[in-house]
Amino acid sequence: MRIASLQPSVTLILASLGRLDDLCAHTKYCLEALPGLSGHAVLKDAWSADTAELEALRPDLVIASIPYRLESLAAILKAGLPVLTLAPHTLADVANDIRLIASIVHADPEPLVHAFEAAIADVRARTASLPKPLVYCEEWGKPLIHSQHWAAELIEAAGGRFLGVPGLHTTPEIIADAKPDVLLFAWCGAGNRVPLTRVIDQRNWHSLEAVRQRRVFCIPDRLINTPAPTLLEGLADIAHSLHPGIFSAAPDSQMIRLADAAIAAGQ
């Protein structure tokens with residue numbers, strides 16, 4: 001197979017299946033997700049895909065996943081290129097996408113899917129009897145957008161209660177009125193560079209118990225927003241932020257916590 005991957009989630013699934021040899025092209029964001037990746041053409045992503053550069057590669061299959069722009073996909077289809085589009089919403093959807101991609105590259109998905117589901121089930125079991133803090137998890141800040149459905153499932157597995165409706169817009173006032181116990185930020189494309197101090201200042205959230213108790217975290221967005229096996233690393237960071245005495249953060253975690261000094265300055 002010669003697969004052109006238009007999203008990091010696709011490339012990460014291929015890597016987890018041991019099928020990077022089937023990859024002929026990927027986006028620059030895939031390089032950020034897999035720094036050791038090399039030897040492939042680099043493409044624009046599913047939002048701004050360039051049909052001409054895809055046609056020049058002559059892939060057997062183009063695989064796109066959310067977020068994508070319908071106009072870009074329509075142009076690829078119009079060019080006659082075979083396209084598979086994925087639109088996962090839940091953790092079960094992510095597992096099914098692993099199975100689907102595995103069937104295309106003739107790999108056995110079940111060890112990977114079993115490990116993925118077992119790790120989530122293990123964390124869920126370990127948190128079953130623990131207190132359930134109310135968690136606001138933000139995918140974007142202008143406007144404020146709640147994280148996606150699978151992120152809500154990860155928070156619930158980690159022993160939290162997801163505040164709001166996944167994927168919908170909200171306001172600083174609504175969040176403040178809900179009095180969340182924990183604030184998590186994973187802005188799309190921001191890595192772990194969400195300006196936590198400025199966010200708290202601009203929204204006048206200094207009086208929130210989550211801020212006063214120093215329970216404000218930025219989790220690298222690729223660990224929460226990319227529907228791939230790497231969600232398990234996001235789960236580890238979430239579990240650590242909710243129950244630090246019980247769970248460790250992901251190995252080599254780049255999770256950032258609002259500095260004590262910043263909180264003191266805002267009080």
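How many residues of domain 1 are in contact with residues of domain 2? Keep that in mind as you load the model, which is a predicted one.

**Stop 1: the two domains**

Colour residues 3-87 as domain 1 and 130-257 as domain 2. Their C-alpha centres sit 29 Å apart. Now for the opening question: seven residues of domain 1 touch six residues of domain 2.

While you're zoomed out, try selecting 2-246. The UniProt record, an unreviewed entry, labels that stretch "domain: Fe/B12 periplasmic-binding". Helix makes up 44% of this span and strand 17%, and its end C-alpha atoms are 44 Å from each other.

**Stop 2: Ile-3**

Next, pick Ile-3, which belongs to strand β1 (residues 3-5). Is Ile-3 buried or exposed? Its relative accessibility is 0%, so Ile-3 counts as buried. Show its neighbours: leaving aside residues up to four places away in sequence, Ile-3 is in contact with Leu-14, Asp-22, Leu-23, Cys-24, Ala-25, Leu-61, Ile-63 and Val-105. For a sense of scale, draw a distance from the C-alpha of Ile-3 to that of Thr-127; you should get 40 Å, for two residues 124 apart along the chain.

**Stop 3: helix α4**

Select residues 70-78, which form helix α4, and show Ser-72, Leu-73 and Ile-76 as sticks: these are buried. Look down the axis of α4 and you'll find the buried residues within an arc of 95°, so they line one face of the helix. What covers them? The cover includes α3 (51-57), β4 (61-65) and β5 (83-86). Flip to the other side of α4 and you meet Leu-70, Leu-77 and Lys-78, which are exposed. Following α4 comes Gly-80, with a positive phi near 85°.

**Stop 4: salt bridges**

Side chains of opposite charge can pair when their charged atoms come close. The model has four salt bridges, and here are some to click through.

- Start with Arg-69 and Glu-71, where the closest N and O atoms are 3.9 Å apart. Arg-69 is partly exposed, at 32% relative accessibility.
- Move on to Arg-99 and Glu-110, whose side chains form a salt bridge at 3.0 Å, N to O. Arg-99 is in helix α5 (residues 91-105) and Glu-110 is in helix α6 (residues 110-127), so this pair ties together parts eleven residues apart in sequence. Arg-99 is partly exposed at 27% relative accessibility, and Glu-110 is also partly exposed, at 37%.
- Then go to Arg-203 and Glu-138, with 2.7 Å between the closest N and O atoms of the salt bridge. Here distant parts of the chain are linked: Arg-203 comes from helix α9 (residues 196-203) and Glu-138 from strand β6 (residues 134-141), 65 residues apart. Arg-203 counts as buried at 13% relative accessibility, and Glu-138 counts as buried at 0%.

**Stop 5: helix α12**

Finish at residues 231-242, the twelve-residue helix α12. From first C-alpha to last, α12 reaches 16 Å, close to the 16 Å expected at 1.5 Å a residue. Which residues of α12 are buried? Select Leu-231, Gly-234, Leu-235, Asp-237, Ile-238, Ala-239, Ser-241 and Leu-242 to see them.

Key
Residues are numbered from 1 along each chain as its sequence is written. This is a predicted model: local features need pLDDT of at least 70, side-chain atom pairs count only at pLDDT 80 or more; totals for chains, interfaces and linings use all residues. Side-chain values use heavy atoms; hydrogens and water are left out. UniProt positions are given in the numbering used here, feature names are shortened, and annotations may be inferred rather than shown by experiment. Helices (H or I, at least four residues) and strands (E, at least two) are DSSP runs, numbered from the N terminus. The expected span of a helix is 1.5 Å times one less than its number of residues. Buried means under 20% relative accessible area, exposed over 50%, partly exposed in between (1.4 Å probe, protein chains only). The arc is that of the directions from the helix axis to the C-beta atoms. Contact means heavy atoms within 4.5 Å. Domain bounds come from an automatic or database domain assignment.
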